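Got your viewer open? Let's take a short walk through this model, one selection at a time.

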Amino acid sequence: MTTTQKIQAAEARVKELQLLIRYWKASEASSEHIAFELIQGFVTEDYESIAS
């Protein structure tokens with residue numbers, strides 16, 4: 001595995017962990033609206049990183 005492949009794999013894992021953390025936070029949220037905002041924030045961040 002090359003260094004570039006290792007970096008890509010690590011970045012993918014970080015993204016997975018961030019999603020998992022947001023899911024846990026959303027499940028603990030006091031309302032569905034807050035949960036939606038937490039998850040939507042991740043989607044927005046992901047879209048912006050792809051667009052740039």
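Start with a single residue: is Gln40 buried, exposed or partly exposed? Select Gln40 and have a look at its surface before reading on. Gln40 is partly exposed, because its relative accessible area is 40%, and buried would need under 20% while exposed would need over 50%. Keep in mind that you are looking at a predicted model.

Gln40 sits in helix H2. Now add Arg22 to your selection and draw a C-alpha to C-alpha distance: Gln40 and Arg22 are 9.7 Å apart in space, with their positions 18 residues apart in sequence.

Zoom out for the whole picture. The protein chain has two helices and zero strands. It is 52 residues long, and 8% of those residues count as buried. If you switch on the surface, you are seeing about 4600 Å² of accessible area, 60% of which belongs to carbon and sulfur atoms.

Next stop: helix H1, residues 3-28. Pick Arg13 and Glu16, which both lie in this helix, three residues apart, or about one turn. Show their side chains and you'll find a salt bridge, with the closest N and O atoms 3.2 Å apart. The structure holds one salt bridge, and this pair forms it. How open to the outside are the two partners? Arg13 counts as partly exposed at 45% relative accessibility, and Glu16 is partly exposed too, with 46%.

Stay on the surface and select Leu17, Leu20, Ile21, Tyr23 and Trp24 together. These five form a nonpolar patch, and their combined accessible area is about 500 Å². Click on one of them, Tyr23, which you'll find in helix H1. Tyr23 counts as exposed, because its relative accessibility is 53% and the cut-off for exposed is over 50%.

Last stop: the link between the helices. Select Ala29, whose place is in the loop between H1 and helix H2 (32-51). Which residues does Ala29 touch, once its neighbours within four places in sequence are left aside? Show what surrounds Ala29 and you'll see contacts with Ile34 and Ala35. Even so, Ala29 is partly exposed, with a relative accessible area of 23%.

To retrace your steps, go from Gln40 in helix H2 to the Arg13 and Glu16 salt bridge, then to the nonpolar patch that includes Tyr23, and finish at Ala29 in the loop.

Key: Residues numbered from 1 in each chain as written. Predicted model: local features only at pLDDT ≥ 70, side-chain atom pairs only at ≥ 80, totals over all residues. Heavy atoms only, no water. Helix = DSSP H or I, 4+ residues; strand = E, 2+ residues; numbered from the N terminus. Buried < 20%, exposed > 50% of the residue type's maximum accessible area, 1.4 Å probe, protein only. Areas by Shrake-Rupley, 256 points an atom, 1.4 Å probe, with all protein chains shown as cover. Salt bridge = Lys/Arg side-chain N within 4 Å of Asp/Glu carboxyl O. Contact = heavy atoms within 4.5 Å. Patch = residues over 30% accessible without salt bridge, like charges linked within 9 Å, V, L, I, M, F, W, Y side chains within 5 Å.
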